[in-house]
Amino acid sequence: MLLHLSTWPEVETYLETSTGIILPIGSTEQHGPTGLIGTDAICAEAISRGVGEACNALVGPTINVGMALHHTGFPGTISLRPSTMMLLVRDYVAGLAKAGFTKFFFINGHGGNIATLKAAFSETYAVLAELNINNADRVQCQVGNWFMCGSVYKLAKELYGDQEGSHATPSEVALTQYVYPEAIKQAPLTAEVASGHAIYGAAEFRRRYPDGRMGSNPALATPEHGKQFYDLAVKELSNYYLEFISAE
């Protein structure tokens with residue numbers, strides 16, 4: 001059940017049996033010469049819909065732009081500042097909490113969002129209490145990072161070993177190939193790829209990682225691999241979601 005394809009009476013009926021909602025969040029940022037700029041949002045959205053179907057849960061609209069300031073040296077990248085993203089998350093949760101939602105499960109596709117999301121959750125709890133929103137003390141937020149699922153990590157290591165890397169990875173590229181087979185990209189990739197450098201500003205990032213990859217070889221990706229990653233992530237995050245909404 002997708003929020004944007006539902007009517008308000010349908011949502012009101014849903015709230016009679018569940019106060020949980022899944023919110024996909026990703027990023028719009030470069031993913032190397034062959035990775036789609038929307039990779040992180042595409043992955044989060046596809047998996048969220050799968051979890052929603054498996055758990056009969058409502059899925060909110062995808063937050064396509066995240067915290068990707070270090071990627072802005074590459075054309076096409078769009079980023080929110082951490083402070084902006086915190087306000088966005090706070091307003092999403094506050095608006096839905098007023099309607100009666102209390103369990104917010106963010107399925108995340110971008111590592112750069114993690115720290116900001118956790119800070120946003122803390123600020124949101126405080127703001128909801130200050131606004132005296134009904135059931136503010138019952139509102140809980142969790143983040144499930146699909147790429148950190150144990151089963152996903154294990155398969156990536158089995159398939160790609162050290163060539164999985166940490167950005168523009170074959171695992172995430174494979175998932176986008178499964179979701180959008182018509183958008184598979186080909187481009188020359190150098191055998192040597194930078195890795196291991198600390199992340200600072202955008203100019204420094206592009207100097208250290210000139211083609212946008214971080215230790216990865218996305219040429220190893222296939223749509224068939226993507227289907228495997230999708231199935232594993234949906235299964236693991238479905239269990240996580242059900243545990244989350246059933247816990248006091």
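Which residue in strand 3 is the bridge partner of Ile-25? It is Asn-108, and I shall begin from that strand.

Good morning. This is a predicted model, in which local features need pLDDT of at least 70 and side-chain atom pairs count only at pLDDT 80 or more, while totals for chains, interfaces and linings use all residues. Residues are numbered from 1 along each chain as its sequence is written, and side-chain values use heavy atoms, with hydrogens and water left out.

Let me first set out the strands. Helices (H or I, at least four residues) and strands (E, at least two) are DSSP runs, numbered from the N terminus. Two strands pair if DSSP finds at least two bridges between them. Strand 1, residues 20-25, runs parallel to strand 3 and is joined to it by 6 bridges. Strand 3 also pairs with strand 4, residues 140-145, again in the parallel sense and over 6 bridges. Within that second pairing, Phe-106 has Val-143 as its bridge partner in strand 4. Between strand 3 and strand 4 the chain passes through helix 4, residues 114-130, and this β-α-β crossover is right-handed; that is, with the strands pointing away from the viewer, the path from the first strand over the helix to the second runs clockwise.

How many residues of strand 3 are buried? The count is 6 of the 6 in residues 103-108, so the strand is largely enclosed by the rest of the structure. Here buried means under 20% relative accessible area, exposed over 50%, and partly exposed in between, with a 1.4 Å probe and protein chains only. Lys-103, Phe-105 and Ile-107 are buried on one side of the strand, and Phe-104, Phe-106 and Asn-108 on the other.

I turn now to the rings. Rings of Phe, Tyr and Trp (its six-membered ring) pair if their centres lie within 6.5 Å; planes under 30 degrees apart count as stacked, over 60 as edge-to-face and the rest as tilted. The structure holds 10 aromatic pairs. One of them, between Tyr-178 and Tyr-230, is tilted, at 5.6 Å centre to centre with 50° between the planes. Tyr-178 belongs to helix 6 (residues 170-179) and Tyr-230 to helix 8 (residues 223-246), so this pair ties together parts that are 52 residues apart in sequence. Tyr-178 is partly exposed at 32% relative accessibility, whereas Tyr-230 is buried at 17%.

Phe-105 of strand 3 is linked by ring pairs with Tyr-240, Tyr-241 and Phe-244 in a cluster. Lys-103 lies over the face of Phe-244, 4.7 Å from the ring centre; the criterion is NZ of Lys or CZ of Arg within 6 Å of the ring centre and within 35 degrees of the ring normal.

Finally, the salt bridges. A salt bridge is a side-chain nitrogen of Lys or Arg within 4 Å of a carboxyl oxygen of Asp or Glu. By this rule there are 6. Glu-123 and Arg-90 form one of these, at 3.7 Å from N to O. Glu-123 lies in helix 4 and Arg-90 in helix 3 (residues 82-99), so the contact ties together parts 33 residues apart in sequence. Arg-90, Asp-91 and Glu-123 are linked in a network of salt bridges.

Glu-204 and Arg-208 form another, with the closest N and O atoms 3.1 Å apart; they are 4 residues apart in helix 7 (residues 202-208), and therefore separated by about one helical turn. In the bridge between Asp-211 and Arg-213, the closest N and O atoms are 2.8 Å apart. Asp-211 is partly exposed at 23% relative accessibility, while Arg-213 is buried at 2%.
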